Amino acid sequence: MKTLGEFIIEKQHQFPHATGELTALLSAIKLGAKIINRDINKAGLIDILGESGQSNIQGEKQMKLDAFANEALKAALEARGVVAGIASEEEDHLVIFGKDKATHGKYVVLMDPLDGSSNIDVNVSVGTIFSIYHRITPIGTPITEEDFLQSGHKQVAAGYIIYGSSTMLVYTTGCGVNAFTYDPSIGVFCLSHENVQFPSTGNMYSINEGYYSKFPLGVKKYIKYCQEEDDATNRPYTSRYIGSLVSDFHRNLLKGGIYIYPSTAQYPMGKLRLLYEANPIALLAEQAGGKASNGTKRILDIEPRKLHERTPLFVGMESMVNDAEKFMAESI
Ligand code: AHM
Ligand code: MG
């Protein structure tokens with residue numbers, strides 16, 4: 001049995017100039033994940049279900065557990081002293097760590113502390129998503145938004161924790177994707193899925209079809225394509241939509257499929273956040289042999305302009321994303 005801690009240290013030795021700071025950062029995320037996991041598991045028993053009464057900067061209602069997960073992860077990250085600051089789906093502005101506006105950490109972290117949190121009250125799987133960059137501003141000066149507004153291909157590491165029938169931490173540092181299952185009896189994440197790759201075939205498509213009438217024509221045509229019968233391409237595909245990006249992506253990663261959240265009449269730029277959701281999921285997808293696009297362009301090449309920017313997201317097996325992109329291109 002290999003633990004996540006052992007695995008991270010083993011990988012650090014492959015980089016002769018490594019200082020151990022990324023190791024410390026990943027270990028902070030591991031600690032935050034354990035705390036969030038503990039509280040999600042007893043959520044029905046203590047008074048932390050439901051809405052907090054607050055809204056985030058995008059006007060979306062915050063759940064009590066959104067705020068709780070944000071604070072837990074923020075505290076774990078600040079304590080290690082290797083992170084200069086964070087940006088979070090649950091924070092209006094970037095957060096600078098440390099008394100002296102801590103200019104010393106060399107990393108910044110972007111996160112969605114509890115993705116899919118509207119599912120929590122009904123005991124459906126949710127997740128935490130994280131994305132790590134080197135800061136651009138020199139160490140010793142205050143961090144700025146510039147440190148966070150970097151294209152996804154510059155991510156140093158990214159991953160998610162899925163709080164499902166078991167809890168798993170899945171991450172990449174740009175050398176493949178590895179997944180660790182939490183053993184609550186000993187409080188340790190253990191390597192369970194080494195070098196995860198999308199299967200070569202798959203037949204699942206995940207999209208909220210309730211919004212069908214509001215979708216772009218290319219997406220409507222792709223959905224019809226998914227539903228048509230064709231033995232050669234194993235169609236009709238199977239529709240699976242949990243409404244929790246981490247859970248939908250995780251299933252499609254292991255079983256083979258595509259997840260789509262396109263632009264809609266309500267969300268002309270899509271619903272998902274580029275920096276907290278699309279970029280980290282896109283890096284994982286590419287590292288697992290898959291693809292992520294906004295319908296026409298690679299997600300990891302988008303130049304972000306603001307912290308809470310949204311983007312349409314098409315992510316999953318490369319062949320399926322290519323097909324969806326083809327329908328998009330033909331329908332312009
Ligand atoms: P959240 O970050 O506020 O939880 O929103 C993101 C979630 C995704 O996990 C999920 O795929 C999507 O929103 C579901 O949205 P919808 O209910 O519109 O289908
Ligand atoms: Mg989210």
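In this predicted model, helix α5, residues 245–255, lies across strands β11, β13 (257–261) and β15 (313–317), and runs at about 155° to β13. This packing of a helix on strands is a convenient point of entry to the C-terminal part of the chain. Of the 11 residues of α5, 8 are buried, so the helix is largely enclosed by the rest of the structure. The buried positions are Leu245, Val246, Ser247, Asp248, Phe249, His250, Asn252 and Leu253. Just after α5, Gly256 adopts a positive phi of about 100°.

Strand β13 is likewise largely enclosed by the rest of the structure, because 5 of its 5 residues are buried. In a regular strand, side chains alternate between the two faces of the sheet. In β13, Gly257, Tyr259 and Tyr261 point one way, whereas Ile258 and Ile260 point the other way, and all of them are buried.

The sheet to which β13 belongs can now be described. It is an open sheet of 5 strands in the order β12-β11-β13-β15-β14, with mixed pairing. Its edge strands, each paired on one side only, are β12 (238–239) and β14 (290–293). Beginning at the β12 edge, strand β11 (residues 204–206) is joined to β12 by 2 bridges, and the two run parallel. Within this pair, Tyr205 has Ser239 of β12 as its bridge partner. Strand β11 also runs parallel to β13, to which 3 bridges join it; here the bridge partner of Ser206 is Tyr259 in β13. The pairing of β13 with β15 is antiparallel and extends over 4 bridges, with Ile258 standing opposite Gly316 in β15. A further helix, α7 (residues 318–330), lies across β13, β14 and β15, and runs at about 145° to β15.

A UniProt record places a name on this region. The unreviewed entry lists residues 199–328 as "domain: Fructose-1-6-bisphosphatase class 1 C-terminal". Over residues 199–328 the chain is 36% helix and 15% strand, and the end C-alpha atoms are 24 Å apart.

The same kind of record also draws attention to a small group of acidic residues. In the unreviewed UniProt entry, the annotation "binding site" covers Asp112, Asp115 and Glu277. These residues are spread over 166 residues of sequence, yet they cluster in space, the largest C-alpha distance being 8.4 Å. Asp115 lies in strand β5, residues 107–115, and counts as buried because it has 27 C-beta neighbours inside 10 Å, where 20 or more are required. Apart from neighbours within four places in sequence, Asp115 is in contact with Val126, Gly127, Thr128, Ile129, Ser244, Leu245, Val246 and Glu277. Two of these names, Leu245 and Val246, have already appeared among the buried residues of α5.

Glu277 is found in helix α6, residues 274–287. With 29 C-beta neighbours inside 10 Å, Glu277 also counts as buried. Leaving out residues up to four places away in sequence, Glu277 touches Asp112, Asp115, Ile129, Leu245 and Leu272. Both of the other annotated residues are therefore included in the contacts of Glu277.

These contacts lead to the arrangement of the chain in domains. The domain assignment gives domain 1 (4–195) and domain 2 (204–330), whose centres, taken over C-alpha atoms, are separated by 23 Å. Contact between them involves 35 residues of domain 1 and 28 residues of domain 2. On the side of domain 1 that touches domain 2, the elements that give two or more residues are β5, β6 (126–134), β7 (157–163) and β8 (167–172). The largest share of that side, 5 residues, comes from β6. Asp115 of β5 has contacts across this boundary, including those with Leu245 and Glu277.

Finally, the chain may be considered as a whole. It has 7 helices and 15 strands. Its radius of gyration is 19 Å, close to the 20 Å that the globule rule gives for 332 residues, so the chain is as compact as a globular protein of that length. Along the principal axes, the C-alpha trace spans about 60 × 45 × 45 Å. Buried residues account for 46% of the 332 residues. Among contacts with a separation of 6 or more, 64% are between residues 24 or more positions apart.

Technical notes
Residues numbered from 1 in each chain as written. Chains lettered and ligands numbered in written order. Predicted model: local features only at pLDDT ≥ 70, side-chain atom pairs only at ≥ 80, totals over all residues. Pairing = 2+ DSSP bridges. Contact = placed C-beta atoms within 7 Å. Axes fitted to C-alpha atoms, helices over the stretch in contact; angles between N-to-C directions. UniProt positions renumbered as here; feature names shortened; annotations may be inferred. Buried ≥ 20, exposed ≤ 12 C-beta atoms within 10 Å, placed from the backbone. Rg over C-alpha atoms; globule rule 2.2 N^0.38 Å. Domains from an automatic or database assignment.
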